[in-house]
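Reader: I'm new to this one, so could you take me through it slowly?
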Amino acid sequence: MIVTKTNFPDLQLLARGKVRDVYSVDAEHLLIVATDRISAFDCILPTAIPRKGEVLTKISQFWFGKLDEIGISHHLLTTKIEEMPESLQKYDSFLRGRSMFVKKTRVFPIECVVRGFLSGSGWKDYLKTGKVCGHKLPEGLRESEKLPEILFTPATKAASGHDENISEKEMAVLVGFDSTQKLKDLSLRIYNFAADFAARRGIILADTKFEFGSAQNGEIILVDEVLTPDSSRFWEAPGYAAGKAQASFDKQFVRDYLESLEWNKQPPAPSLPPEIITATTERYLSAYRILTGESL
């Protein structure tokens, strides 16, 4: 079943994001539902991607489990409908395979972006300024080249429109110096662990973004999705070659198609043709299959 929007009248809808619908369950818990919506250039497309929400949820669940092994605290409690409160179980047909029952936190208003390779907006920034989000880089780097060092490039979270890249000093003004250091350290630690793991599976983790929240006990924990094709840039390692765009498992494939159209990147966004929809679903499923060693 394709799900593009949820509506649970007896639950409080807190947010309807580009992909996820977030509901308050009680004072301590949230329900996060990953729909099959897809966004590009900060616009939600009118075309859904079958199984996308399922893949995003399963990949996040997989990574949360792996991060447990290295002591990274996170918000996920369960993805199993049978383990959720009875008030949610009646929505089984909408929730199964695409929902997370999680701890409620005070979310930091920061996207914690980590970049290991020169691509996407970082590559465009480098071509214009010789920098990536304020980090001066050597001359002569090529598109998709591995960066001399892994970069932490925070951004503000925009409810709508584009996120804005900021410096660590600006981040410290927003969340405090101590929190900035903790979020940076956690982000780099998770990226390094995930990049090493993915490399052993034949995947390059070019860049990714994390979100964190403060739990009720004050602990900083990882929230939202993690290391999915929506939040990360995954490349096929066997075909990797610096100096060009890479074959990817993420929604860059959709962005590339949209870039080929005469569209000003303002709403309304154009629909996707059947062949792009099918190919995108397969890329999401392939990312899960290669990373986890299992098929959905």
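Reader: How do the residues of the lining of the second largest pocket divide into nonpolar, polar and charged?
Author: That lining has seven nonpolar, two polar and two charged residues (Ala, Val, Leu, Ile, Met, Phe, Trp, Tyr, Cys and Pro count as nonpolar, Asp, Glu, Lys and Arg as charged, the others, Gly among them, as polar). Please keep in mind that the model is predicted, with local features needing pLDDT of at least 70 and side-chain atom pairs counting only at pLDDT 80 or more, while totals for chains, interfaces and linings use all residues. Residues are numbered from 1 along each chain as its sequence is written, and side-chain values use heavy atoms, leaving out hydrogens and water.
Reader: Okay, which residues line the second largest pocket?
Author: Going along the chain, they are Gly116, Phe117, Lys146, Ile150, Tyr191, Asn192, Ala195, Asp196, Ile203, Ile204 and Leu205 (a pocket is an open set of points on a 1 Å grid where a 1.4 Å probe fits, with protein on both sides within 12 Å along at least five of seven lines, and lining residues have an atom within 4 Å of a point). Two or more of these lining residues come from each of strand E9 (110–117), strand E12 (146–152), helix H6 (177–200) and strand E15 (203–214) (DSSP runs, at least four residues for a helix and at least two for a strand).
Reader: Which one gives the most to that lining?
Author: That is H6, with four residues in the lining of the second largest pocket.
Reader: Switching topic, at what angle do H1 and H6 pack?
Author: Helix H1, residues 52–68, packs against H6 at about 110°, and their axes lie 11 Å apart (axes are fitted to C-alpha atoms over the stretch in contact, and angles run from 0 to 180 degrees between N-to-C directions). H1 is therefore roughly perpendicular to H6 (65 to 115 degrees, with under 35 roughly parallel, over 145 roughly antiparallel and the rest oblique).
Reader: Which residues meet there?
Author: From H1 there are Phe62, Trp63, Lys66 and Leu67, which meet Ile190, Phe193, Ala194 and Phe197 in H6 (heavy atoms within 4.5 Å). This contact of H1 with H6 has seven nonpolar residues, one charged residue and no polar ones.
Reader: And how do H5 and H6 pack?
Author: Helix H5, residues 168–175, packs with H6 at an angle of about 120°, with the two axes 7 Å apart, so H5 is oblique to H6. Here Glu168, Met171, Ala172 and Val175 in H5 meet Phe177, Ser179, Thr180, Gln181, Leu183 and Lys184 in H6, a contact of five nonpolar, three polar and two charged residues.
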